[in-house]
Amino acid sequence: GRVRGTVLGGDRRGSLSTEGQARDRPRPRISSSRSEQRSMNIFGRPRNTGGGGGKQPVRARQAAPDAAQAILKLRGTVETLDKREAHIGTKITAQTAEAKAKLAKKDKKGALICMKRKKMFENEITKIQGARMTLEQQMMALENAAMNMQTFGAMNEGKQALKAARGGMDADTIGDTMDDIREEMDEADAIATALGAPLDDALEDDDELLAELNMMEQDDLEDKLLNPPSVPTSTPVGAAEDILDLPDAPTSQVVVDGDVEDDELAALRELEASMMAA
């Protein structure tokens, strides 16, 4: 009984000491923060979210390439494709020649393999041509886009220059200014008319002045009719010569030089005869 009690007592003390040691051990720290859990990935490593605190920053987005650089790169790629196409074309020629040579040696199997290679190279050339066509279309689109941007920039610059040259003027402002100018001109005309108007109202009676002018004209006409000018009875010396200064009549036959038609010559002779008779 003592042995059993001793054994039981020792087992109990051992179990108690084991439990006490287990309670005295430090327990692992379990984080209850959701933010810390979210910052960890499934492998227990910190997520790459960027920012400070020693974390790796997120890779920045690459800037868009320039249109001119993209066009140059596309042209270089097209040139590379052209070189590859020429190289493959050389291989096709070589395979064709080799197939003919093997066919001449009755090696149909070898010739068939050469033809398969030739077909493979031809398919590769078709792919290269399709890729080159796509690259050329991209180059054309980029060139058009660059030209459109240049045109838009020029138009925008012209618009800004026109706006600066206009100086804030618009159609409404110009219309108001023109109306003001017309009003000022009308006011100036009114002032000039007022300044030029006579102070005496009697000077403005035009009907009375016209009636007076008509009476004066009537009196002058009656005076001329009642008192006509005297007619001279003798001719002043030298008056006839001054009035009619005619040449002297010829006393001999008129000689006409040159060929004259008959009717004109007859008319001239009749005129000469009439003058001689006079």
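Contact here means heavy atoms within 4.5 Å. With that settled, I opened this notebook on a predicted model.

**Entry 1: overall make-up**

I began with the secondary structure of the protein chain and found 8 helices and 0 strands. Read from the N terminus, the elements run α-α-α-α-α-α-α-α. I then looked up burial: 8% of the 278 residues count as buried. The accessible surface comes to about 25,100 Å², and carbon and sulfur atoms hold 57% of that surface. I also checked how far along the chain the contacts reach. Of those with a separation of 6 or more, 54% join residues 24 or more positions apart.

**Entry 2: helix 3**

Next I took helix 3, residues 67-104. Does its length agree with its residue count, and why? Its 38 residues should span 56 Å at 1.5 Å a residue, and the end C-alpha atoms are 55 Å apart, so the two agree.

I listed the buried residues of this helix: Ile71, Leu74, Val78, Leu81, Glu85, Ile88, Ile92, Gln95 and Ala99. Against which helix do they pack? The buried residues of helix 3 pack against helix 4, which covers residues 108-166.

**Entry 3: the core**

I looked for the largest nonpolar core and found 10 residues in it. They are Leu74, Val78, Leu81, Ile88, Ile92, Phe121, Ile125, Ile128, Leu135 and Met139. Helix 3 and helix 4 are the elements that give two or more residues to this core.

I picked Ile128 to see its surroundings. Leaving aside neighbours within four places in sequence, Ile128 is in contact with Leu81, Arg84, Glu85 and Ile88. Two of these names, Leu81 and Ile88, are on the core list.

**Entry 4: charged residues that are buried**

Glu85 caught my eye in helix 3. Its relative accessible area is 17%, so Glu85 counts as buried, the cut-off being under 20%. Beyond the neighbours within four places in sequence, Glu85 is in contact with Ile125, Ile128, Gln129 and Arg132.

I then turned to Lys118, which sits in helix 4. Is Lys118 buried or exposed? Lys118 counts as buried, because its relative accessibility is 17%. Its contacts, again without neighbours within four places in sequence, are Ile92, Gln95 and Thr96.

In the same notes I kept Ile113, also a helix 4 residue. Ile113 is partly exposed at 38% relative accessible area. The C-alpha atoms of Ile113 and Gln95 are 9.2 Å apart, with their positions 18 residues apart along the chain.

**Entry 5: salt bridges**

Side chains of opposite charge can pair when their charged atoms come close. I counted 7 salt bridges, taking a nitrogen-to-oxygen limit of 4 Å.

Asp82 and Arg132 meet in one of them, at 2.5 Å from N to O. Asp82 belongs to helix 3 and Arg132 to helix 4, so this pair ties together parts that are 50 residues apart in sequence. Asp82 is partly exposed, with a relative accessible area of 30%.

Arg84 pairs with Glu124, and their closest N and O atoms are 3.7 Å apart. Here too the partners lie in helix 3 and helix 4, so the bridge ties together parts 40 residues apart in sequence. Arg84 is partly exposed at 42% relative accessibility, and Glu124 is partly exposed at 26%.

Lys102 and Glu98 form a salt bridge with an N to O distance of 3.3 Å. The two are 4 residues apart in helix 3, which means about one helical turn separates them. Lys102 counts as partly exposed at 25%, as does Glu98 at 29%. I also noted a network: salt bridges that share partners join Asp82, Glu85 and Arg132.

**Entry 6: loops and a surface patch**

Last, I went to the loops. Lys106 is in the loop between helix 3 and helix 4. Its phi is near 65 degrees, a positive value in a residue other than glycine. Most residues other than glycine have a negative phi. Lys106 counts as exposed, with 72% relative accessibility.

Met169 lies in the loop between helix 4 and helix 5 (171-196), and is partly exposed at 40%. Which residues form a nonpolar patch on the surface with Met169? They are Ile174, Met178, Ile181 and Met185, and the patch has about 440 Å² of accessible area together.

Note on methods:
Residues numbered from 1 in each chain as written. Predicted model: local features only at pLDDT ≥ 70, side-chain atom pairs only at ≥ 80, totals over all residues. Heavy atoms only, no water. Buried < 20%, exposed > 50% of the residue type's maximum accessible area, 1.4 Å probe, protein only. Areas by Shrake-Rupley, 256 points an atom, 1.4 Å probe, with all protein chains shown as cover. Core = buried A, V, L, I, M, F, W, Y, C linked by side-chain atoms within 4.5 Å. Patch = residues over 30% accessible without salt bridge, like charges linked within 9 Å, V, L, I, M, F, W, Y side chains within 5 Å. Salt bridge = Lys/Arg side-chain N within 4 Å of Asp/Glu carboxyl O. Expected span 1.5 Å × (residues − 1).
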